[in-house]
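This report describes the fold, the pairing of strands, the side-chain contacts and the surface of one protein chain. The sequence and the structure come first, and the description follows.

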Amino acid sequence: TGLAVSGLVLGLIVTLIQGAIGFGMFQVLNMFQSGLTQPAAQSLTALDAGDYKGARIVLNTQASAAVTDEQLQTFRAAYQAEMGAFKSIPQGWDIFPSYSQLGPIMQKAQSYNVQGDAVPVPASFDKGTGVLLLLIDKNSQGQIGKSGKGPTAKEIFPVHNFILLTPSGTVIELLPTGNKP
């Protein structure tokens, strides 16, 4: 009976640990979605529609103020010429299989030197899938505001620029790297 009780207790402990890991993975995915992928998708959708205020939604306060409408127009014209109109960024668990398509694009882009922290996100366009690099400003990361309601997505992921890497190896930047606002 002692071994049976030990087996039940160990089984229960392992089940609780697995549940905690699963819950933690769900929370990380939720934060990644609400802080990066959903705002990035909203930003590109707004940019395709010519809504420049909405296109700035993914950018932190400094970058949003520094990016001009002309820079947004130029970025849109460049990616639409190469990739067509923006369609979507995979959401939920669908994002994980999408990363398997990014390998060849990322290999072509290895020679491209991105300064700072870049988060690659798969982005679907009319003419295929590209890699949207969201550049995170690590100097302002973690500087939480005084809202008292917890950190906002822009405070957790302070995006200061985004770059599109296409399957042909073309690099399309919103702001030229090195000119971070």
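A salt bridge is taken here as a side-chain nitrogen of Lys or Arg within 4 Å of a carboxyl oxygen of Asp or Glu. By this rule the count for the chain, which is a predicted model, comes to one salt bridge. Its partners are Asp69 and Arg56, whose closest N and O atoms lie 2.9 Å apart. The pair links distant parts of the chain, since Asp69 belongs to helix 4 and Arg56 to the loop between helix 2 (52–55) and helix 3 (61–66), 13 residues apart. The two partners fall into separate classes of accessibility: Asp69 counts as partly exposed because its relative accessibility is 33%, whereas Arg56, with a relative accessible area of 13%, is buried because this value lies under 20%.

**Overall fold**

The chain contains seven helices and five strands, and from the N terminus on its elements follow the order α-α-α-α-β-α-α-β-β-α-β-β. Of its 181 residues, 38% count as buried. Among the contacts with a separation of 6 or more, 65% are made by residues 24 or more positions apart. The accessible surface of the chain comes to about 10,000 Å², and carbon and sulfur atoms account for 59% of that area.

**Strand pairing**

Strand 3 (residues 128–136) is mostly covered, eight of its nine residues being buried. This strand pairs with strand 2 and also with strand 4, as set out in the table.

| Pair of strands | Sense | Bridges | One bridge pair |
|---|---|---|---|
| Strand 2 (residues 117–125) and strand 3 | antiparallel | nine bridges | Asp117 and Ile136 |
| Strand 3 and strand 4 (residues 159–165) | antiparallel | six bridges | Leu135 and Asn161 |

How many residues make up the hairpin connection between strand 2 and strand 3? The hairpin joins strand 2 to strand 3 through two residues. As a general point on such elements, the side chains of a regular strand alternate between the two faces of the sheet.

**Aromatic contacts**

The structure holds four aromatic pairs. One of them is formed by Phe75 and Tyr79, which meet edge-to-face at 5.4 Å centre to centre, with 70° between the planes. Because Phe75 and Tyr79 are four residues apart in helix 4 (residues 69–83), they are separated by about one helical turn. Both Phe75 and Tyr79 are buried. Ring pairs also link these two residues with Phe86, Phe125 and Phe162 into a cluster. Helix 4 therefore holds Phe75 and Tyr79 of the aromatic pair as well as Asp69 of the salt bridge.

**Nonpolar surface**

A nonpolar patch on the surface is formed by Val5, Val9, Leu10, Ile13, Ile17, Ile21, Phe23, Met25, Phe26, Trp93 and Phe96, which together have about 1,100 Å² of accessible area. Which element gives the most to the nonpolar patch? Helix 1 (residues 2–48) does, with nine residues, and Val5 is one of the patch residues found in helix 1.

Note on methods: Residues are numbered from 1 along each chain as its sequence is written. This is a predicted model: local features need pLDDT of at least 70, side-chain atom pairs count only at pLDDT 80 or more; totals for chains, interfaces and linings use all residues. Side-chain values use heavy atoms; hydrogens and water are left out. Patches are made of residues with over 30% relative accessible area and no salt bridge: like charges are joined within 9 Å, nonpolar side chains (Val, Leu, Ile, Met, Phe, Trp, Tyr) within 5 Å. Accessible areas come from the Shrake-Rupley method with a 1.4 Å probe; for residues, only the protein chains shown count as cover. Buried means under 20% relative accessible area, exposed over 50%, partly exposed in between (1.4 Å probe, protein chains only). Two strands pair if DSSP finds at least two bridges between them. Contact means heavy atoms within 4.5 Å. Rings of Phe, Tyr and Trp (its six-membered ring) pair if their centres lie within 6.5 Å; planes under 30 degrees apart count as stacked, over 60 as edge-to-face and the rest as tilted.
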